[in-house]
Amino acid sequence: MSRMKAFVMPQVGSTAVVDKPIPEPGPNEVVVKTTHALICTSDVHTVGGTLPVEPGVTLGHEALGTVHALGSNVTGFAEGQRVAVNAVTPCFQCRYCQTGYTSQCGGPLGGYQYTAQRDGNMAEYFVVPYAKGNLAPIPDVVSSEAAVYACDMLSTGFMGAEHCELRIGDTVAVFAQGAVGLSATLGAHLLGASRIFAVESIPERQKLAETFGATDIIDFTAGDPVQQILEATGGEGVDAAIEALGSPITWEACLRVIKAGGRVSNVGYHGEHPEPLQVPLDAFGLGMADKTIRSGLCPGGNDRMQRIFALIASGRFDPTVMTTHTFAFDDVETAFDYMANKRDGVIKPLITF
Ligand SMILES: [Zn+2]
Ligand SMILES: [Zn+2]
């Protein structure tokens with residue numbers, strides 16, 4: 001058996017399941033036999049043509065499984081062991097990595113290598129590059145169904161909260177409660193926010209936001225969310241706002257809803273709209289309101305993964321509540337269609353192999 005099935009993008013706008021050779025590991029690589037994966041809206045964006053990728057490239061960047069084959073330089077792992085890798089796989093050697101910006105490995109957004117620079121991992125087998133830095137063992141007490149959320153959703157959402165530089169008791173607004181926004185809400189809760197405003201109109205997502213620590217649900221269909229949050233805080237606004245949608249409207253709302261001295265943390269992907277993001281001068285205090293804007297891309301690496309696994313193991317939250325649908329890999333194209341067209345209230349479709 002030297003062939004495998006892979007979910008690929010033959011060209012912009014189309015997907016297919018094709019046969020590919022099972023990859024062989026290079027000296028510093030590991031090949032993983034996939035057991036679980038999640039489809040991401042980033043895959044949908046990629047198929048929509050947002051990344052200049054090779055035709056036929058394998059999609060996916062949120063997957064885990066068991067060690068199939070170890071490269072000659074990789075020690076500390078055994079064949080058959082349960083392992084995961086983050087969506088972002090830095091080299092940990094270049095200047096960006098050495099200065100702490102591992103997600104920007106080699107250049108802007110360069111840590112995002114699956115699909116963008118190499119085959120992704122929505123396939124029966126996949127390669128983990130720079131495995132010593134990127135391959136993470138999954139603790140026995142953490143299920144694969146939960147661990148797969150560390151690959152992107154929890155790491156990205158937690159980064160959104162971390163970039164707010166929260167102090168105990170800070171107030172936070174999180175704009176949109178998809179899987180990343182929900183994870184950002186959870187991150188703000190874990191970091192000690194006293195009040196978390198979750199901006200969302202879909203009842204199922206509102207409920208999950210409360211499960212993850214939101215104290216106030218702001219339904220933007222009931223009025224301007226900035227006004228609602230300003231009223232709820234006595235006109236003061238919040239210490240930090242997290243943009244988890246990728247829209248010019250929520251971007252501007254974040255700048256308007258924070259106090260002087262506040263922080264905007266952007267995790268939303270803004271490639272879906274052509275116009276530049278605006279910084280309204282009044283909300284920015286004409287450039288002098290001590291407001292900070294921070295952007296970022298999912299932090300990778302095995303230390304990051306193991307920290308998230310330790311949190312899952314602590315039992316303080318259950319990420320699998322974000323799994324709204326489960327499909328066998330044979331039905332991956334149906335799962336992708338659910339994600340692309342937001343069918344049936346989908347948040348995250350889990351793929352089992
Ligand atoms: Zn993703
Ligand atoms: Zn690097």
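## Two buried residues at the zinc site

In this predicted model, His 61 and Glu 62 are both buried. Both residues also take part in binding a metal: the zinc ion (ligand 1) is coordinated by His 61 through NE2 and by Glu 62 through OE. Cys 40 (SG) and Asp 152 (OD) complete the list of coordinating residues, and the coordination distances run from 1.9 to 2.2 Å.

## Geometry and spacing of the donors

The four donor atoms around the zinc ion (ligand 1) make angles of 95 to 126°. The site is classed as tetrahedral because all of these angles fall between 85 and 135 degrees. For four tetrahedral donors, the ideal angle at a metal is 109.5 degrees.

Along the chain, the donors of the zinc ion (ligand 1) are arranged with the spacing C-x20-H-E-x89-D.

## Domain organisation

The domain assignment divides the protein into two parts. Domain 1 is made up of residues 3–152 and 298–352, whereas domain 2 covers residues 157–295. A distance of 27 Å separates the C-alpha centres of domain 1 and domain 2.

## The interface between the domains

Domain 1 contributes 18 residues to the contact, and domain 2 contributes 15. About 1300 Å² of area is buried between domain 1 and domain 2, and carbon and sulfur atoms account for 72% of this area.

One salt bridge is found across the interface of domain 1 and domain 2. A salt bridge is formed by Glu 162 and Arg 304, whose closest N and O atoms are 3.0 Å apart. Two residue pairs are in polar contact across the interface of the two domains, both at pLDDT 80 or more.

Terms used: Residues numbered from 1 in each chain as written. Chains lettered and ligands numbered in written order. Predicted model: local features only at pLDDT ≥ 70, side-chain atom pairs only at ≥ 80, totals over all residues. Heavy atoms only, no water. Donors = N, O, S within 2.8 Å, 3.2 Å for Na, K, Ca; no water. Tetrahedral: all angles 85-135°; square planar, octahedral: opposite > 155°, others 65-115°. Buried < 20%, exposed > 50% of the residue type's maximum accessible area, 1.4 Å probe, protein only. Domains from an automatic or database assignment. Contact = heavy atoms within 4.5 Å. Buried area = accessible area lost by both parts, 1.4 Å probe. Salt bridge = Lys/Arg side-chain N within 4 Å of Asp/Glu carboxyl O. Polar contact = N/O pair within 3.5 Å; in protein donor to acceptor, adjacent residues only side chain to side chain.
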